[in-house]
Amino acid sequence: MNLRKVTAQQVAEQAGLSGEQMAALLSDGGAPVPDEVFSACAAALRVEPGQLSTNTEPDLTVVLQSAQELRDTCRPIQRDGIHFYNYYSMAAPAGRVSPVILDILCPPDRLPALNNGHLEPAITVNLGPGDIHGRWGENLSEATWQVLEANRDTDRWITGDSYVEPSYCPHSYSLAGAEAARIVSYTGQSNLVPLVEELNTWSEPAFANFLDALPERTEPAALLELLLARRCYDTAGAAAAAGITEAGVKQILTDPFGSLPEMRALGSALGFDYRLLLPPERRHDPVGKTWTSVAEGRRTQRDFRGYRVASMASAPHLSDLSGTFLQVETAAGEHGGDLVEANESHYLVISGAPVLSWQDQDGAWQSAGLEVDASAWAGPFVRHRWSGTGSVLRFGSGSRAGYLDLFELTNTFAVAATARRSRRDTRGWGYDS
């Protein structure tokens with residue numbers, strides 16, 4: 001109603017409801033709503049009924065799953081005429097995507113059949129104990145046929161090679177020797193999902209225009225043209241509005257980092273975020289993978305808040321995906337430092353019996369001991385910490401307060417005040433009594 005600038009009384013009239021019925025709907029959010037009332041309100045607001053529904057979950061602080069519960073999720077996958085994988089699901093709230101563990105079963109003397117890839121990017125980590133052959137294309141090359149090595153050294157808490165995989169990259173795995181092996185596949189939410197859903201509703205000519213406007217690699221030149229056209233400026237008009245020369249506008253496209261004053265002046269005058277014109281950093285191989293070997297991961301070892309940690313693969317163009325090897329070793333009665341993350345965190349215990357403690361929805365501390373293959377999910381900004389002895393894999397994605405959220409927050413006027421007002425907001429925009 002706020003977005004469409006209509007009052008409750010106006011919606012009631014369009015939906016054929018009395019003022020009393022509408023008042024009850026707005027004040028009694030947990031009460032059942034008859035289907036015909038629900039549909040009438042959606043029609044009056046010109047939205048899909050699903051946009052008016054919400055799933056309420058009483059406690060989204062931490063979700064735990066035991067090792068046996070993980071094993072109970074086992075489902076065998078047939079591919080290419082053989083038993084190819086076993087899939088297992090880690091902890092996650094109901095209805096949300098959880099990371100998966102895969103037993104790699106394709107034998108080493110067989111080229112693994114490729115899947116079709118998927119929109120969501122992912123981090124994949126070899127859990128060992130054996131090596132794994134990865135395949136990422138029809139034609140085998142150094143980039144499309146690699147071994148994910150397992151760590152057989154004393155620092156086994158860094159379990160093995162890891163890599164980040166881009167959208168729609170076909171991939172598959174087979175054993176690389178006689179040893180059994182498995183992986184964690186952590187699939188993050190793609191920030192393109194809303195756009196992809198919108199693309200599905202566009203006409204073919206509109207989609208063709210979209211492809212013309214945004215070529216294979218979207219560089220600043222294409223974005224600047226869109227930003228100027230959206231505001232009805234050509235290059236000369238934009239330069240005049242920003243108080244810079246037309247040559248200065250064109251220089252942004254050839255030397256963006258040397259043209260920051262001109263770029264900022266242009267964004268300020270025309271009303272767009274100049275950072276969109278900064279070219280992204282790219283660090284990946286020809287098929288889009290970004291790799292971190294065991295040796296490279298080992299070199300990232302460091303102390304962090306009472307833990308010993310090392311990094312998995314990461315990529316600047318997929319900044320929401322993060323993975324960390326984390327070793328826990330505390331004395332009795334002590335614990336590691338608090339972890340408070342901007343997005344959700346998934347954990348898998350790979351050795352020992354560490355204890356996870358967290359603040360519940362009432363602010364009280366809860367604790368649970370976890371064994372190998374147990375997993376946990378911690379919600380965004382939930383304070384939690386580990387104690388005892390063991391090691392865990394830790395993953396994060398942007399499904400909640402991710403890269404785009406943080407980017408938008410940097411542009412928001414009075415961030416804290418906006419957040420406080422928007423949380424469970426039931427106040428109208430001013431015209432209802």
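## A walk through the predicted model

The protein chain holds 13 helices and 20 strands. Please keep in mind that this is a predicted model. Along its principal axes, the C-alpha atoms of the chain fill a box of roughly 70 × 60 × 50 Å. Of the 433 residues in the chain, 40% are buried. The accessible surface comes to about 23,200 Å², and carbon and sulfur atoms account for 52% of this area. Contacts often reach across the sequence: of those between residues at least 6 apart, 68% join residues at least 24 apart.

### Strand β5 and its partners

A good place to start is β5, which spans residues 122–129. Seven of its eight residues are buried, so β5 is largely enclosed by the rest of the structure. This strand pairs with two others described here. With β10 the pairing is antiparallel and runs over seven bridges; within it, Gly128 has Arg182 of β10 as its bridge partner. With strand β8 (residues 162–165), β5 is again antiparallel, this time through four bridges, and Thr124 is matched with Tyr163 of β8.

The Gly128 just mentioned has another feature to look at: the peptide bond from Gly128 to Pro129 is cis, with omega near 0°. Pro129 itself also lies in β5.

### The nonpolar cores

In soluble globular proteins, nonpolar side chains tend to be buried together. In this model the largest nonpolar core has 22 residues, and those touching the most other members are Ile101, Ile123, Val184, Phe325, Leu393 and Phe395. Strands β5 (122–129), β10 (181–187) and β20 (389–396) each supply at least two residues of this core. The biggest contribution comes from β5, which gives three residues.

Ile101 is worth a closer view. Leaving out residues up to four places away in sequence, Ile101 touches Leu70, Asn86, Tyr87, Tyr88, Met90, Leu127, Arg182, Ile183, Val184 and Leu348. Among these contacts is Val184, itself one of the core residues that touch the most other members. Another is Arg182, the β10 residue that is the bridge partner of Gly128.

There is also a second, separate core of 18 residues, and its members include Tyr307, Leu339, Leu356 and Val392.

### From β12 to β14

Moving along the chain, strand β12 (residues 302–304) and strand β13 (residues 307–311) run antiparallel and are joined by three bridges. Arg302 stands opposite Val309 of β13. The two strands form a hairpin with two residues between them, and in its turn Arg305 has a positive phi of about 50°.

On to the next pairing: β13 is also antiparallel to strand β14 (residues 322–329), over four bridges. Here Ser311 faces Thr324 of β14.

The strand pairings described so far can be set side by side:

| Strands | Bridges | Sense |
|---|---|---|
| β5 and β10 | seven bridges | antiparallel |
| β5 and β8 | four bridges | antiparallel |
| β12 and β13 | three bridges | antiparallel |
| β13 and β14 | four bridges | antiparallel |

### Two aspartates with positive phi

Where in the chain does Asp80 sit? Asp80 is in the loop between β2 (75–79) and β3 (82–89). Its phi is near 55°, a positive value in a residue other than glycine. Asp80 counts as partly exposed, with 43% relative accessibility.

Asp373 belongs to the loop between β17 (365–369) and β18 (375–378), and its phi is near 80°, again positive in a residue other than glycine. Is Asp373 buried or exposed? Asp373 has a relative accessible area of 11% and is buried, because the cut-off for buried is under 20%.

### Helices α8 and α13

Thr235 lies in helix α8 (residues 235–242) and is partly exposed at 26% relative accessibility. Thr235 and Leu224 are eleven residues apart in sequence, and their C-alpha atoms are 9.6 Å apart in space. Beyond neighbours within four places in sequence, Thr235 is in contact with Leu228, Glu246, Val249 and Lys250.

Finally, a look at the surface. Leu406, Leu409 and Val415 make a nonpolar patch of about 230 Å². Val415 is in helix α13 (residues 415–422) and, with a relative accessible area of 35%, is partly exposed.

Key:
Residues are numbered from 1 along each chain as its sequence is written. Side-chain values use heavy atoms; hydrogens and water are left out. Two strands pair if DSSP finds at least two bridges between them. A nonpolar core is a set of buried Ala, Val, Leu, Ile, Met, Phe, Trp, Tyr and Cys residues joined through side-chain atoms within 4.5 Å. Buried means under 20% relative accessible area, exposed over 50%, partly exposed in between (1.4 Å probe, protein chains only). Contact means heavy atoms within 4.5 Å. Patches are made of residues with over 30% relative accessible area and no salt bridge: like charges are joined within 9 Å, nonpolar side chains (Val, Leu, Ile, Met, Phe, Trp, Tyr) within 5 Å. Accessible areas come from the Shrake-Rupley method with a 1.4 Å probe; for residues, only the protein chains shown count as cover. A salt bridge is a side-chain nitrogen of Lys or Arg within 4 Å of a carboxyl oxygen of Asp or Glu.
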